[in-house]
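Thanks, everyone. Let me put the model up, and then we'll walk through it.

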Amino acid sequence: MSEPEVPQSTLSADGIAAVPHHVAIIMDGNGRWAAARGLPRVEGHRRGVEALRRTIRAAGEIGIRIITIFSFSSENWSRPAAEVGELMGLLRRFIRNDLAELHKSGVRVRIIGERAGLEADIGRLLIEAEELTKENTGLTLVVAFNYGARQEIAGAARRAAEAVAQGTLKPQDITVDTIAGFLDTADMPDPDLIIRTSGEQRLSNFLLWQSAYSELVFVPANWPDFDRATLEGAIREYRQRERRFGGLSGAAAAKTGS
Ligand code: IPE
Ligand code: IPE
Ligand code: MG
């Protein structure tokens, strides 16, 4: 069987993937960005949408194939109702204003997270974004909205249990691949690189299953200040890492002759 074709632009001379295929971003620090300037938190969120536009453009130019962004967590409902309302409004406006442009540039939009309980018009916008762009072959933009990884994994367990109850799945046949197949990210490769802005060093219930072997890069910049240079800096750091997936490093393997 021949090797799958990898676009040349993503490979350096020694064949090591120079550009991560899938980058996931925890866009954090909007509130602190605003507070530092004496502005209301919502202003940080608004500027965060601009940073998102820049980042999507840069990701496409750099040759990243999939970008997943954490835009609203299952736990963010615990914020004051006014802030939640503003975040919902920003999502609505982002899809209404930017969808046509994203579609024109070949971006395929996917949404992960819980749809139940969202306002009906938001549910419709999410479907519209996915439907309009589903045949596109450019950058895939995965929006994690009303997303929580534990909820996602619990949902996968529930679906596996339902399949067992219906007799289409045997308990002894449940493997890692079975569970992965029931996640929202079923047909997507795991993120190679996860970036979190604002200096916080935690995952906050983001892609817990899929991040098993992701490289984590924490950048001090708050999300509204994120730009192409910050993204490239994170990718440079990623390139310094040696991904072992539980095996041996290249040097150690050579020494043991394996
Ligand atoms: C990230 O910024 C946006 C969301 C979580 C929706 P924050 O709103 O968390 O900003 P900080 O962390 O309070 O500064
Ligand atoms: C994670 O940021 C969620 C998003 C970026 C959407 P939070 O600001 O909600 O995370 P914690 O509460 O600081 O862990
Ligand atoms: Mg935060």
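Start at arginine 41. One of its polar side-chain atoms lies 2.9 Å from an oxygen atom of ligand 1. Keep in mind that this is a predicted model. Arginine 79 does something similar, with a polar side-chain atom 2.7 Å from an oxygen atom of ligand 1. Asparagine 30 uses its backbone instead: a polar atom there is 3.1 Å from a ligand 1 oxygen. How much of ligand 1 does the protein bury? Alone, ligand 1 exposes 370 Å², and the protein buries 86% of that. Around ligand 1 there are 13 residues. Those that come nearest are Asp28, Gly31, Arg32, Arg41 and Arg79.

Now stay with arginine 79, and bring in glutamate 83. Their side chains make a polar contact, at 2.9 Å. Glutamate 83 sits in helix 3. Is glutamate 83 buried or exposed? Its relative accessible area is 8%, so it counts as buried. Leaving aside neighbours within four places in sequence, glutamate 83 contacts Arg41 and His45. So put the two arginines together, because that is the picture I want here: glutamate 83 is in contact with Arg41, it has a polar contact with arginine 79, and both arginines place a polar side-chain atom by an oxygen of ligand 1, at 2.9 Å for arginine 41 and 2.7 Å for arginine 79.On to ligand 2. Which residues surround it? The list runs Ile26, Met27, Asp28, Phe70, Ser71, Phe72, Asn76, Arg79, Arg196, Arg202 and Ser204. Arginine 79 appears again: an N or O atom of its side chain is 3.2 Å from an oxygen atom of ligand 2. Aspartate 28 also has a side-chain N or O atom 3.2 Å from a ligand 2 oxygen. For arginine 202, that distance to an oxygen of ligand 2 is 2.8 Å. On its own, ligand 2 has 390 Å² of accessible area, and the protein covers 77% of it.

Phenylalanine 72 is on that list, and it takes us to the aromatics. Phenylalanine 72 lies in strand 2, residues 66-73. It is buried, at 0% relative accessible area. Its contacts, beyond neighbours within four places in sequence, are Trp77, Val84, Leu87, Met88, Ala144, Phe145, Asn146 and Tyr147. Arginine 150 is 78 residues away along the chain, and the two C-alpha atoms are separated by 15 Å.

How many aromatic pairs are there? The count comes to seven, with ring centres within 6.5 Å as the rule. Take phenylalanine 72 and tryptophan 77. The centres are 5.1 Å apart and the planes are at 75°, so this pair is edge-to-face. Tryptophan 77 is partly exposed, with a relative accessible area of 39%.

A second pair is tyrosine 147 with phenylalanine 206. Here the centres are 6.2 Å apart and the planes are at 85°, so this pair is edge-to-face. Where do the two partners sit? Tyrosine 147 is in strand 4, residues 140-147, and phenylalanine 206 is in the loop between strand 5 (193-196) and strand 6 (215-218). The pair therefore ties together parts that are 59 residues apart in sequence. Tyrosine 147 is buried at 0% relative accessibility. Phenylalanine 206 is buried too, with a relative accessible area of 0%. Add Phe70, and Phe70, Tyr147 and Phe206 form one aromatic cluster.

Next, the cores. In soluble globular proteins, nonpolar side chains tend to be buried together. Here the largest nonpolar core has 46 residues. Ile64, Phe145 and Ile195 have the most contacts inside it. Which element gives the largest share? Helix 3, residues 81-104, with nine residues. Look at isoleucine 195. Not counting residues up to four places away, it touches Val23, Ala24, Ile25, Ile26, Val217, Val219, Phe226, Leu231 and Ala234. Apart from the largest core lies another, of 13 residues, with Ile26, Ile66, Val142 and Ala144 among them.

Last stop, the backbone. Most residues other than glycine have a negative phi. Asparagine 146 has a positive phi of about 50°, although it is not a glycine. Asparagine 146 is in strand 4, and it counts as buried at 7% relative accessibility. Phenylalanine 245 has a positive phi of about 50° as well. Phenylalanine 245 lies in the loop between helix 7 (228-240) and helix 8 (250-255).

That's the tour. Over to you.

Notes. Residues are numbered from 1 along each chain as its sequence is written. Chains are lettered from A and ligands numbered from 1 in the order in which they are written. This is a predicted model: local features need pLDDT of at least 70, side-chain atom pairs count only at pLDDT 80 or more; totals for chains, interfaces and linings use all residues. Side-chain values use heavy atoms; hydrogens and water are left out. Rings of Phe, Tyr and Trp (its six-membered ring) pair if their centres lie within 6.5 Å; planes under 30 degrees apart count as stacked, over 60 as edge-to-face and the rest as tilted. Buried means under 20% relative accessible area, exposed over 50%, partly exposed in between (1.4 Å probe, protein chains only). Helices (H or I, at least four residues) and strands (E, at least two) are DSSP runs, numbered from the N terminus. Contact means heavy atoms within 4.5 Å. A residue is near a molecule or strand if one of its heavy atoms lies within 4 Å of it. A polar contact is a pair of N or O atoms within 3.5 Å; within protein, one must be able to donate a hydrogen and the other to accept it, and residues adjacent in sequence count only if both atoms are side-chain atoms. Accessible areas come from the Shrake-Rupley method with a 1.4 Å probe; for residues, only the protein chains shown count as cover. A nonpolar core is a set of buried Ala, Val, Leu, Ile, Met, Phe, Trp, Tyr and Cys residues joined through side-chain atoms within 4.5 Å.
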